[in-house]
Every structure is written in structure tokens, then in C-alpha cells.
Amino acid sequence: MRLVKNRGRVMFVVTMLVCGLATALVAAPPEKIDFQRDVRSILAEKCIGCHGPNHPEAGVRLVDRASILANGESGQPIVVAGQPDHSELIRRVTSTDPELRMPPGEKPPLTPDQIAILKKWIESGADWSAHWSFVPIPRPPVPDEDAAFADWPRTNLDRFVLRELVARKWTPSPEADRFTLLKRLSYDLIGLPPTIAEADEFVKDTSLDAYEKVVQRRLDSPHFGERWGRHWLDLAHYADSDGYEKDRARADAYLFRDWVIDAINRDLPFDQFTIEQLAGDLLPEATTSQRIATAFLRQTLTNEEGGVDQEEYRVAACFDRTETVGTVWLGLTIGCARCHGHKYDPLPHQDYYKLFAFFNNAEEENDRWPVGAEALAGLDRDRQPLVKAILARKQALAAAEAAWETAERQKLLDTTDTKLSEESLNIVEVTSTALPEEKFEFDAKAIRAPLTPRERDTYTIVGTTTGTITGLKLHALPDDRAPQKGTGLASSGNFVISRITLTLEQDGQPTRDIPLHRATADYSQTGFAPTQVLPDAPDSRKGWAVGGKVGEKHSLVLRTKESVDIPDGAKLRLVIDQQYGSHHVLASFQIAVLRGNARGLGFSDPTLITALDTYPEKRVANIKRQLFDYYVEQVVRDPELAQLDASLKQVDDQHKARLTMVRTISQPLLPRMTRVFHRGEFLSPREEVHASAPQTLTKLIPRGDVPDRLDLARWLVAPENPLTARVAVNHTWQRLFGHGLVRTPADFGVRGERPTHPELLDWLADHFRTDWKWSRKELIRQIVLSAAYRQASIHRPEYEAQDPTNQSLFRQNRFRVEAEIVRDLNLAASGLLSPKIGGPSVFPAMPEELAKLSYANNFTWKNSTGEDRYRRGMYTFFKRTIPHPSLMTFDAPDANVACVERTVSNTPLQSLTLLNNESHLEAAQHMARRALSPPATPDDERLVLALRWCITRSPSAAEVAVLKQSLDSGRDYYRDHEADAKQFGGESAVPDHSFADVAAWTATMRIILNLDEFLTRE
């Protein structure tokens, strides 16, 4: 009884003992609380989702010190500095009442350790500092030398790494051997394996600067731009096609890729690299190269499906540009603020659209620019003043053109129209200049010409009609009397109408010419377009013809430039000139007048009517340009602009410039209004906003009254901007260590991870933009020269348990190369790789079934031949809807959005690809022939040679023995299977070697090319 009576007390004691033990097992809070390191992460993970800057629950905002010291809706102070027991925050996170406890509901509560940290933070005064990435970049002092490791640091950055290791009482890993160092450098800096000669030379070089010389040679290599250009193309989400269903090819896409490779090879400072890509067109005296650089902003997807709202996809492209800039330069999840204020970072909804405004006022430009000219600098020098003058003249005409658009659109809206119809002309008389004495037969159905042979002729048809007409229609009719029963009297049955004119007559006298335009036909012979019958056609001898379909009825439609009222008693005189010769004259035909469809009749191009019908705010760049060009060339016929265009053509001709259509970005002639889209929906525009940078960061000061993209680009790389240098350095570190100092490279905001080495990141960022003057090569040089980079990647179980992801950098990291480099290594080792730099994309072998896939047969993957078959992987044509399967198997991004960090998977499909893919098998076959080329060489020596092509180091005897055993087994098999040998090893013979021998060597090379050591940088 006594035990039962005291059960509650016993259980309470047991519970307290267990809780005490559990608390004792939890890591104690650090002695000194660091808000950034210890507190902000807890608030971000547990609290900010509901108590952030936008619509906070219960009026509780946990975003700055003022808000945490305020009272919530309960009337109680959220935090009382120095008094955790009087702080509502602590009361809520420690409450056992499910109605009061925070976080609420089923969300997991704070751990005892987290609660202890919050208490200690409040107790120490509840200090609050801005998020680490938003504060200006300082210049941290280099840590003092550590006597125990005085010989380890090779550069100042090593001292930051060493300080963290020493604090843990850990030691850095030893330096990797020279073979590994050279292979690592080659993979990282140029993406190709070192040659055996390079490896042996480096190992034998005992000079103090041997390693530095190797680094410099790699930085100076033209392949450096390819390797690091590929990284940048991931950020730009480069592709060779538009995306979406049609996914049309972009013939000019490679020009931007070439620009990136060249800019990186010549070490264009990163600030200028940024400016040219975001605003190269706005630079004073912008060069062709700087304009091509703006194609960075044209890597967005383009939808050309019929019936889509082009404004919707223009806005989508602007969204993409806004968010890409946020990701690539700022390392922020800007896109989270598209529909509402950012939940975690201080990015209001309006700030998103202020940044969006820069790109909303960026016009997509498809224009012809000189590419590949021998003296491009001289050409640019002569072109720049003219290009600048043309732009200035267009800007001077822009307001008047906009007013003209408005007036013409209103005319269209005010016009009531009827459907187009035709009515036979009442023929009164038909005559011929070649046969003045002969009569034509005619009735309501047809006009039949005499069959008398004549080289050329001109028919004059006089007829009557009444009412209003809007055009003519000529029907060319098959005639049993004509050769081939065709429509003309030539031996082929063809005709050629050179010109057609129309005149109105009254009382036997011409009263006015009726201009005709918009010539269209149901069919026309190649080179004999219907437009050639118009008075302003360039060749008066050529005209409309129907060769290829002479035995069928055809029609030619000509519209008048305005509605024409035909008075009673008036006549129409139609003259059909046929001057081609060789009897190419009409045999039988019919003339009708057209009525109705007079809306926009004065426009020679009907698409202009569609353009004007488009609501002004929804006119995309090509529509705007079409209307502007028509206004300048046909309405005002501006002589100044015409002269400037002629002068520009003359300059291009003098320099023999090859003009290529290039996708770039330019400023619109008239600014576009930007509004905030409610919930990110472009059909729900709200208040107007103006271009500006996020207010959380530094203030943007424009050059003029209205900020533009050049102001934005300069703001991004301004010394005061706290993010760009940090983000750029982190990207570079990531490429050389496998992970960035910030493990969330796309999110430097509150929800992102803190830097593993904050002061090292700031030290590098500060030096990058100041001492090293934004030099990418110098930044990379400083990192690869460091002892931290040179460490071996050995497994160290004594540290792995505490730091499994190597955040403390106690060793180097070992990781597989990217998708493009996998193929590059295979081609290089086999001797097939083409060293050619730049140029159009190529089409390496692709499975036939995939190669046939396209939208309505609009694209065919035709495997490249010759040198192009063996180009580097970065030159492989990237079709967004059907990327090359080998690239996707090895985790290449889809190029739909900016990719700051590729995923790295390890799947059986990758091994199967390396074994069976056509390109990789071809590499193994060629590598086998390469190994067999030295005459009278023992197998062991050939195997050592092949291994060194791939793994650089000298293999052990045991490794060679394993491969030798495989080689002998292959010989035994293929000796008995000659057909398999020819199919697998290749049909071409190798001198002094049987097909079985070649096949066995191919199988062995395939093993070597599949080695993990070959596909990783260690």
C-alpha cells in the first residue's frame, strides 16, 4: 500500500532523473553566444516562417532588435533584454500547453540546447546584428603564425584554415604526391588529363617554383577558358534551343559561348565581365563583342507556339532575368518575393518588381552584327559612330512613331468591316499589243487568248462594275488548247506575268491610277513570286509564274491601297504585261473584283494590322520593331535615317564584314511602365514602381534621372555591395574543393548556411575586388597555390565522425568530373580529341531513336563527321527538350534555370553508358590502336602506357598483372569468335595484330576508361 501511495512521487523522481540525464547529454551552449552563429539559425528554422517581415502571426515580428523588444498582441514584451524569465519568447518555447507552445501544432519543439542558447542570448543583452552576408565586406587580419605548423601555410589563406583545425586540435592532411597534384590541377583548370611527358617533367623538377610553373601553364592554356567557361554557362543556363514544345534551334547561340571562353581566357576583370553581360549595349561606344555579351540575358526560354500570349512569355523571360541576376551575383532567392514579400530575407514584394523593372525595360533585339571579321576592332571603330547616330535618330522619332501607332490603331478600331468577297468583272473589251488585229474570246467565265505564237505580249482588259472595290483577282485557267493543257502558251504550258496596272476611266478618258499592292497567290514557281508583278518590283522582266503545276487553276490577288468607289458609267482598264519571252503569255484566264475586308487596307503587309491590333502593352520586341520600321521607311521616309543606314552598309562592305543575326538586348526607344503583379500574376497589375536595387543592400545611385541596366551592373560590382564578391569567390572555391565555403551557393540569405570559414571568405572577397582587381585567374592562382588545396584526399576516420562532410577542410575532397569532362577525358586518352576552340555546336553520336524526336520534324540530329565528331563536350548541341543522353546521365543541368551547383549521382546507368555508348566504345577502339602502335613492345609496357594516359601515375605491378590477365582472357575469347572481334574491335586492321588481338585490347582499354581513378580528379 505504501508503495502504491507513493507511486506518483516515485514516478516524478524517476522522470526528473531521466530528464536530468537527457539534459546532461545535450551539448552545453557555447560560453559566448554569437548571434549570427548561434541564435539567427534557430530563429530562421523555427520562428521566421510565421513571424517574419510580412503579415506576422499575432503581430510578433522577429526580424530586428526593435521588433523583438516590442509587445506582441498579448501585451507582453517578446524579449526583455537581460531577463529571459520575463520574456514571452522563452515562456512560449518552454510551455507544455499545446495551445501556448511555440512552434505550434505538430511542428517539433525547440531542443533543450536551443532553448539554453536563447536564454543565454537574452541574458547577455539580446544583441542583434544584420545577417552576415548583408554587412560590408571587411578586411579580416591574417591569423598569427602557429609555431607548431610554421612550415605548413603556403599562402595567407592557409592560416585561416589552419586556425580552425588547431582550434579542434586537428592537423591538416599531408600534401598529395606530385602525380596527384598535376592531375588535380589539369582536371580543375583545363578539364583534360596531363600528358605522360608533363607528369614526368614535373616529378623530376626539383626547383622551388616547379608547382607555380605548372599552375601558370594551365592558367595560360586556351583550354582554361573552355573549362571555366563551362562553369559560367551553367549560371547563364546556356542552351542551343528555345525550349518549350517547338524548341527551335538557335543558330547564333554559340557566339555567346565563344564570348565567354574568350573573356575568361583574356582574364576580363569580373566587374567588367559583369557589366558587359548585363549592359554591354549601354556602354559608351559599345563594341560588337560587348553587344554579343548581352546574350547572357537572352538565354531565357522562348515560346513560339501558335496562340500563346506573347506578353505572358515576355514577362516570364523578365522574371527569369531578374531571378538569374539574384542567384548568380547576389546569391539570394529573389524569386521568393515574386508573389509576396520574402518570408525570411528583407526583400519586400515591391523590391522584387523594382529589380524586375530593369529587365522589363530591356528589349530583345535580333539584329545583324559583324562576326569573325579579320579586323573587328577597326570595323567597330568605324561602325560605332554610325550605330550611335542611328540609335539617336530612332529615339528622336520614337515619340512621333508612338503617336502614329495610336492614331492608326484607333482607325482600325473605328472601322466596321465586311468579309472579303469577289465578283466577276463585266468584260467589255480585250486587246493585245502583239496581235492587234486578232480578237479574244470572252464571257463571264473566261477570257481566251488567240493561239498565234508570239514572244511577248501585253493584254488590256476593259470592264465595268459599280460600287466599292478593294482589289482584283486574276484566275489563271487550264486550257485544253494550250501546250501541256496548261495555263500559258509556252512549250511547258507556263506563263509569266511581269506587271499589272489598273486605271479608272470615265467618258473614255483615264481619270486616276489605282495603286495595287499586297500581291499574293495560291501557288508560285520558285524565283517567280507574285510580288514581282507590282510596279516597284526590281526586275521588270520576271514576274509571277506557276511552273511545276501548269495544269491546275491558280489565282493571283492584288489589293488596292484604299477603298475605290466606282461611279456609274465608269470603266476599269487593266493592263497585264508579259515580257519574259519564249511565248510565256496567258492562254486562258478570268478577272474578278474584290469587295470588303477594307480594314487596314493601306498597309502593304497584313501582319502590320495584326501588330496594331495587339494591345500596346503586349507588343513584344519584334512587333514593335516591325511597326517602327514601317513608319520610318513607308510613312515618314526619314532621309537622315536612310542615309545613316546606307553609310553603315558601306562601312560593312568596305571591311568585308560577315553579318550574322545575333540575339542581344537593347534599351527600348520609349520606356515601359512597370507595375507590381498581385501574387505574381501578370494579368493583375497593381501600383506602379520604378527601377531600383533592393533597399536591404547598398543604395543604387544612377548616372541620370532614370536608372538603367548599366547602373544596376555597376551597382552589383560596386565596392559597397556586400554580396557579389562573396558569391563569386564562393563559386570559385566550390569548383576547386567540391563545396563552397558557403554550402548553399544559391542562398546567402537567412535560411542559407553560414560560411564554414567566415573570415576566410571575407578575406578572399576583399582581395578579389581590391588587390587582385577582380582577376579570376589571380583568385584561382591564390587558391590552388595554397597548402589547403594541395592536401591529399586521404580518408581520416579519426575526424570523419565529427566532420563527415569535411567542412573544416582537414583534407582535400575527391569527386567525379562533370558530364562534359567525362567524354573529354575519354577522347583525350584515346587520342581522338579535337583541340579546336570555339565555333558552332556539334552533334556527337546519339541513339537513332532519340535523334528522330522533334516537334513536327522541325529539327534533325545529324551526327557530326570528321573533326567535329570529336570536339569537347561543351560544344555538344544542347537541345532543351532532348538533351544528349550522355550529358543527362552524368547530371548535366537542364538549362531551364541558372544552375549554381550540379548534383552528383552515382548510378549503374553511368557505368553502362561508359561501357556501351557509341562515343565511349569508339574511344576504347582508338585507344587500343594507339596502344598497339609502338612496334615490338611487350604487353606489360603497352598496359603501363595506357594506364598512364588515364591515371597519370605509374601503376603497380599488381595493377598491370590484373589487366594482363583480362587481356589474355579477351584474346582467348575473340580468337574463337572472329565475327565478334571484328564487330567489337572495329573493322579496320592493325598491322602485325589480328582482329582478335585488337578486340582484346579494346576490351581492356574499356576497363581502363571506366576506372574510378580516371573519372575523379584524384
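This briefing walks through one protein chain, from its overall layout down to single residues. The model is a predicted one. The chain holds 1018 residues, and 53% of them count as buried. Its secondary structure comes to 37 helices and 16 strands.

**Overall layout**

- Taken along the principal axes, the C-alpha atoms fill a box of roughly 135 × 90 × 70 Å.
- The chain is split into six domains, beginning with domain 1 (25-129) and ending with domain 6 (918-1017).
- Two of the domains are each made from two separate stretches of sequence: domain 2 takes in 269-372 and 670-716, while domain 3 takes in 380-409 and 606-657.
- Domain 4 covers 421-595, and domain 5 covers 830-905.
- Between the C-alpha centres of domain 1 and domain 6 there is a distance of 65 Å.
- If you look at contacts between residues at least 6 apart in sequence, 72% of them join residues at least 24 apart.

**Nonpolar cores**

- The largest nonpolar core contains 154 residues, and Leu189 and Leu764 have the most contacts inside it.
- Helix 13 (residues 253-265) gives this core its largest share, nine residues.
- A second core, separate from that one, has 41 residues, including Ile447, Leu472, Leu489 and Leu572.
- To see what surrounds Leu189, leave aside its neighbours within four places in sequence: its contacts then include Val215, Leu219, Phe224 and Trp228.
- Leu189 also touches residues much further along in the numbering, namely Leu736, Ile780 and Val784.

**Helix 11 and its surroundings**

- Helix 11 spans residues 210-220, and its buried residues are Ala210, Tyr211, Val214, Val215, Arg218 and Leu219.
- An α-helix has 3.6 residues a turn, so residues three or four places apart point the same way.
- What do the buried residues of helix 11 pack against? Their partners are helix 9 (178-189), helix 10 (196-204), helix 12, helix 25 and helix 26 (787-790).
- Two of these buried residues, Val215 and Leu219, are also among the contacts of Leu189.

**Enclosed cavities**

- The model has eleven cavities of 30 Å³ or more.
- The largest cavity holds about 180 Å³ of space.
- Its lining divides into seven nonpolar, three polar and two charged residues.
- Helix 12 (222-236), helix 23 (724-737) and helix 25 (776-784) each supply at least two residues of that lining.
- Among the lining residues of the largest cavity are Trp228, Phe270, Thr732 and Leu779.
- The second largest cavity has a volume of about 130 Å³.
- Sixteen residues line the second largest cavity, with Arg230, Tyr238, Glu820, Phe878 and Pro893 closest to its centre.
- Helix 12 makes the largest share of the second cavity's lining, three residues.
- By class, the lining of the second largest cavity has nine nonpolar, three polar and four charged residues.

**A close look at Thr732**

- Thr732 sits in helix 23 and helps to line the largest cavity.
- Is Thr732 buried or exposed? Thr732 is buried, because its relative accessible area is 9%, and buried means under 20%.
- Beyond its neighbours within four places in sequence, Thr732 is in contact with Trp228, Leu779, Ile780 and Ile783.
- Two of those partners, Trp228 and Leu779, line the largest cavity as well.

**The second largest pocket**

- The second largest pocket has a volume of about 690 Å³.
- Of the 16 residues that line this pocket, Arg37, Glu164, Pro755, Thr756 and Pro758 lie nearest its centre.
- Helix 8 (156-167) and helix 24 (758-769) each provide at least two of the pocket's lining residues.
- The pocket's lining has four nonpolar, four polar and eight charged residues.

**A close look at Lys32**

- Where is Lys32 found? Lys32 is in the loop between helix 2 (7-25) and helix 3 (35-46).
- Lys32 counts as exposed because its relative accessibility is 70%, and exposed means over 50%.
- Leaving aside neighbours within four places in sequence, Lys32 is in contact with Arg37 and Asp38.
- One of these partners, Arg37, is among the residues nearest the centre of the second largest pocket.
- Lys32 and Arg714 are 682 residues apart in sequence, and their C-alpha atoms are 40 Å apart in space.

Key:
Residues numbered from 1 in each chain as written. Predicted model: local features only at pLDDT ≥ 70, side-chain atom pairs only at ≥ 80, totals over all residues. Heavy atoms only, no water. Domains from an automatic or database assignment. Core = buried A, V, L, I, M, F, W, Y, C linked by side-chain atoms within 4.5 Å. Buried < 20%, exposed > 50% of the residue type's maximum accessible area, 1.4 Å probe, protein only. Helix = DSSP H or I, 4+ residues; strand = E, 2+ residues; numbered from the N terminus. Contact = heavy atoms within 4.5 Å. 1 Å grid on protein atoms, 1.4 Å probe; cavity = no way out; pocket = protein on both sides within 12 Å on 5 of 7 lines; lining within 4 Å. Points joined across faces, edges and corners; volume = space filled by probe spheres on them. Nonpolar A, V, L, I, M, F, W, Y, C, P; charged D, E, K, R; others polar.
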